[in-house]
Amino acid sequence: MTTGIFKLIQRALLPLNMGLAVLTVLAFTSTAIAQTDDESSRQITLDRFNKARPAEATTTPNVRNRNRAALRAAIYRRTGPLRTRISARIQFEEIGVTVWRLRPSRSSDEGARVLVMDGLRPSEWTPERIEADTPLNIGDRVRLSVESPRPGFLYIIDREQYADGSFGEPMLIFPTLRTRGGDNRVEPGRLIDIPAQEDQYSYFTAQPAGDRRDQTAEVLTIILVPQPLPLPLQIAAQPLKMADTQINGWEKLWGGTAERLELVGGAGRIWTMEEKAAGAALGRQLTQAGPPPQTVYRVARKAGGPLLVTVPLRYGR
């Protein structure tokens with residue numbers, strides 16, 4: 001059974017079986033900032049991503065200045081129509097998504113790298129941030145990371161989308177037993193990498209599934225809930241097939257219209273050693289001075305409740 005773009009190149013378990021993107025996902029609740037979030041502003045300061053993380057333990061002046069600079073630096077750009085009216089009392093759940101696309105490493109790269117297998121020969125590739133609406137090319141190597149600034153449980157469902165607007169079967173691609181042993185708990189500053197860094201192939205390859213030639217996108221449904229979901233079957237090493245009725249029910253309960261924001265100057269930044277360490281199985285948490293997510297999906301939602309966001313990743317033609 002295939003799962004669309006998530007066709008992971010792993011000869012031992014699922015040859016050409018999954019393919020997609022490093023998405024760094026952050027979720028949290030916030031209140032609108034009146035002075036920066038109004039009908040005349042296309043840029044918004046979102047420092048709550050970093051504030052939800054632990055502060056650095058060292059308290060030297062240099063570290064304190066670095067923390068303050070990082071919290072001031074998270075400036076986002078609206079990508080859609082401006083809101084006509086925003087109330088300062090409105091609460092939001094915000095999910096941050098970073099899509100990473102791999103390229104061959106250069107000697108000047110200072111960040112972290114991923115080992116890519118071309119046949120039997122390994123080579124080093126560097127993940128770079130791209131904006132969420134950047135079209136993916138067939139053969140692109142991509143990865144996914146997830147972070148939440150509040151405790152909860154994360155689920156990611158993948159569906160193919162076709163030119164006529166129809167969808168393929170929904171597949172639960174996270175959690176599985178192959179990633180963190182099925183542990184899908186999240187907490188502030190702790191990144192979840194998909195595929196895991198410990199996997200033999202820690203990247204996906206963008207590749208449409210099946211025999212249909214009209215696939216236009218891979219649609220991810222990202223769910224954050226305070227308690228584990230009652231799944232129809234136990235998770236296993238491979239993605240779990242879900243019922244359309246179940247997904248539709250969750251969308252009605254927890255979904256909503258999302259506003260998409262992009263980190264100003266973020267596209268093209270490379271994967272840092274901090275992010276790599278925070279995504280390792282026993283790695284340390286990202287601190288307040290760490291990099292924020294590239295893309296933010298903002299939904300008006302009650303604080304602390306379940307949240308569902310749909311993220312389309314489109315193929316270039």
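Helices here are DSSP runs of H or I with at least four residues, and strands are DSSP runs of E with at least two, numbered from the N terminus. By that reckoning the chain of this predicted model has four helices and 20 strands.

**The whole chain**

Begin with the full chain in view: of its 317 residues, 53% count as buried, while the area that the chain exposes comes to about 14,100 Å², with carbon and sulfur atoms supplying 53% of that area. Among contacts with a separation of 6 or more, 80% are between residues 24 or more positions apart.

**The nonpolar cores**

Next select Ile156, Ile194 and Val311, which touch the most other members of the largest nonpolar core, a set of 26 residues. To see where this core draws its residues from, colour strand S6 (91-97), strand S10 (141-146), strand S11 (152-162), S12, strand S14 (192-194), strand S16 (215-225), strand S19 (295-300) and strand S20 (307-314), each of which supplies at least two residues. Which strand gives the most to this core? That is S20, with four residues. Another core, of 13 residues, lies apart from the largest one, and you can find it by selecting Tyr155, Ile157, Leu172 and Leu229, which are among its members.

**The loop between S12 and S13**

Now move to the loop between strand S12 (171-174) and strand S13 (185-186), where asparagine 184 has its place. Is asparagine 184 buried or exposed? Its relative accessible area is 7%, under the 20% cut-off, and therefore asparagine 184 counts as buried. Display its side chain, and you will find a polar atom of it 3.0 Å from the backbone oxygen of leucine 154. Leaving aside neighbours within four places in sequence, the residues in contact with asparagine 184 are Gly152, Phe153, Leu154, Tyr155, Phe174 and Pro175.

Two of those contacts, Phe174 and Pro175, lead to the next stop, because phenylalanine 174 and proline 175 are joined by a cis peptide bond, with omega at about 5°. Proline 175 itself lies in the loop between S12 and S13. In the same loop, between S12 and S13, select arginine 180, a residue other than glycine whose phi is positive, near 55°. Both features deserve a look, since most residues other than glycine have a negative phi, and most peptide bonds are trans. Arginine 180 counts as partly exposed, at 27% relative accessibility.

**Glutamine 215 in S16**

Go on to glutamine 215, which is placed in strand S16 and is buried, with a relative accessible area of 1%. What does its side chain reach? The side chain of glutamine 215 reaches the backbone oxygen of alanine 217 at 3.3 Å, and a polar contact of 2.6 Å joins it to the side chain of glutamate 218.

**Glutamate 251 in H3**

Finish at glutamate 251, found in helix H3 (residues 244-254), where a relative accessibility of 24% makes this residue partly exposed. Not counting residues up to four places away in sequence, glutamate 251 touches Arg159, Thr221, Leu308 and Thr310. Select valine 309 as well: glutamate 251 and valine 309 are 58 residues apart in sequence, yet their C-alpha atoms are 8.4 Å apart in space.

Technical notes:
Residues numbered from 1 in each chain as written. Predicted model: local features only at pLDDT ≥ 70, side-chain atom pairs only at ≥ 80, totals over all residues. Heavy atoms only, no water. Buried < 20%, exposed > 50% of the residue type's maximum accessible area, 1.4 Å probe, protein only. Contact = heavy atoms within 4.5 Å. Areas by Shrake-Rupley, 256 points an atom, 1.4 Å probe, with all protein chains shown as cover. Polar contact = N/O pair within 3.5 Å; in protein donor to acceptor, adjacent residues only side chain to side chain. Core = buried A, V, L, I, M, F, W, Y, C linked by side-chain atoms within 4.5 Å.
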